[in-house]
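Me: I have a new structure open and don't know my way around it yet. Can you walk me through it?

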Amino acid sequence: MKLATLKTGGRDGQLIVVSRDLSRCQPVPAVARTLQAALDDWQHCVPQLGEVYAALNNGAARHAMPFVEEQCHSPLPRAYQWADGSAYLNHVELVRKARGAELPPSFWTDPLIYQGGSDSFIGPRDPIHALSEDWGIDLEAEVAVITGDLAMGATADECAGAIRLLMLVNDVSLRQLIPGELAKGFGFFQSKPASAFSPVAVTPDELADAWRGCKLHLPLCVEINGQPFGRPNAGEDMTFDFSQLLAHAARTRELEAGSIIGSGTVSNRQGNLHGSSIAHGGVGYCCLAELRMYETIEKGAPQTGFLKFGDSVRIEMLNGDGQSIFGAIEQTVTPHRAAL
């Protein structure tokens, strides 16, 4: 099943069911007005939402209308919980090297998770606003899950069963602000502005055999300014799967329905800069920081800058038939009005 949220009906938007091919949709106010409401009463809502989904797919929906991705907010415009992991240790190792830090051995056994800002996400076609290009604006393409209720101390198996939906995310990072914040020993805050999620969230069964072992085994396609930048496989080199990330997050607290947990930047291990870029036959990258680190290793210094005002990014995932699964995140870096 595929669900989305239109930018109508108030701050939390209006829940719609979307057809498998992303061509049609239908509001479902009689079932749940918002995605959070559906998640709060999932067992009751799912059968009714499933009936609408089936009708959309077989052309029998009575109130269907065209699905327009540009009209969507992130599936959850705000959430009770947004915690982002860093499950691809190749990414962690490269980014830490960029700021002169080694990878502690414990990182291979104990997942990394930070608490993100969940009070306000931006839509998948909204601009990436910043006050200054000097902040080092970077994309981070990831996969994320939305959970049902999880008890404190939930096992990995229990966590796997609580995964309700999957979606893509652009977890924007301000690279030049990160070192100063982490040096204080208190984590990210200013360096992590609002994230954007894919237009559509999908249930795990919709992914068929691409969803196995609590990992999504498909390439994540990234473009910058219309040029291919990355297509690493999200199921490869993921040290901690989503059930492990969720169990780590729930170790000392409950997770409420509607909690979002991210995978961290998708990253596959590659040999070197010239073998890793798409242009040279590699799978490329899901953030600029990784490319800059390869450049530093091979050339002594980064050659590629971070995003500038006017630059665009696109993040998408296709199924085996080349059809978009989640719709596309398409964003342009834009000066915030306070900077004009």
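Reply: This is a predicted model. A place to begin is helix 6, whose buried residues pack against strand 7 (113–115), strand 10 (141–147), helix 4 (156–161), strand 11 (163–170), strand 15 (211–212) and strand 19 (260–262).

Me: Which residues of helix 6 are the buried ones?

Reply: Phe242, Ser243, Leu245, Leu246, Ala247 and Ala249. That makes 6 of the 8 residues of helix 6, so the helix is largely enclosed by the rest of the structure.

Me: And the largest nonpolar core, how many residues does it have?

Reply: The largest nonpolar core has 67 residues. Phe67, Leu166, Leu216, Phe242, Met317 and Phe326 have the most contacts inside it. Helix 6 (residues 242–249) supplies the largest share of this core, 5 residues.

Me: Why would nonpolar side chains be buried together?

Reply: That is a general tendency of nonpolar side chains in soluble globular proteins.

Me: Which separate core is there besides that one?

Reply: There is a second core of 30 residues, and Leu15, Ala61, Ala79 and Val169 are among its members.

Me: Back to Phe67. What does it touch?

Reply: Leaving out residues up to four places away in sequence, Phe67 touches Ala4, Ile16, Val18, Leu22, Ser23, Arg24, Cys25, Cys72, Pro199 and Val200.

Me: Different topic: Trp42. Where is it, and is it buried or exposed?

Reply: Trp42 is in helix 2 (residues 42–57). Its relative accessibility is 10%, so Trp42 counts as buried; the cut-off for buried is under 20%.

Me: What does Trp42 touch?

Reply: Leu3, Arg164, Leu165 and Thr203, again not counting residues up to four places away in sequence. Ile128, by contrast, is 32 Å from Trp42 in space, C-alpha to C-alpha, and 86 residues from it in sequence.

Me: Now the whole protein. How many helices and strands?

Reply: The protein has 8 helices and 21 strands. Of its 340 residues, 55% count as buried.

Me: What about its overall dimensions?

Reply: The C-alpha trace spans about 60 × 45 × 40 Å along its principal axes. The radius of gyration is 19 Å, which agrees with a compact globule, because one with 340 residues would have a value near 20 Å.

Me: What share of the contacts joins residues 24 or more positions apart?

Reply: Among contacts with a separation of 6 or more, 73% join such residues.

Me: Last one: what about the surface and the charges?

Reply: The accessible surface comes to about 14600 Å², and 50% of that belongs to carbon and sulfur atoms. The protein has 27 positive and 39 negative charges, with mean positions 3 Å apart.

How values were computed. Residues are numbered from 1 along each chain as its sequence is written. This is a predicted model: local features need pLDDT of at least 70, side-chain atom pairs count only at pLDDT 80 or more; totals for chains, interfaces and linings use all residues. Side-chain values use heavy atoms; hydrogens and water are left out. A nonpolar core is a set of buried Ala, Val, Leu, Ile, Met, Phe, Trp, Tyr and Cys residues joined through side-chain atoms within 4.5 Å. Buried means under 20% relative accessible area, exposed over 50%, partly exposed in between (1.4 Å probe, protein chains only). Helices (H or I, at least four residues) and strands (E, at least two) are DSSP runs, numbered from the N terminus. Contact means heavy atoms within 4.5 Å. The radius of gyration is taken over C-alpha atoms; the globule rule is 2.2 Å times the number of residues to the power 0.38. Accessible areas come from the Shrake-Rupley method with a 1.4 Å probe; for residues, only the protein chains shown count as cover. Lys and Arg count as positive and Asp and Glu as negative; His and the chain ends are not counted. The place of a charge is taken as NZ of Lys, CZ of Arg, CG of Asp or CD of Glu.
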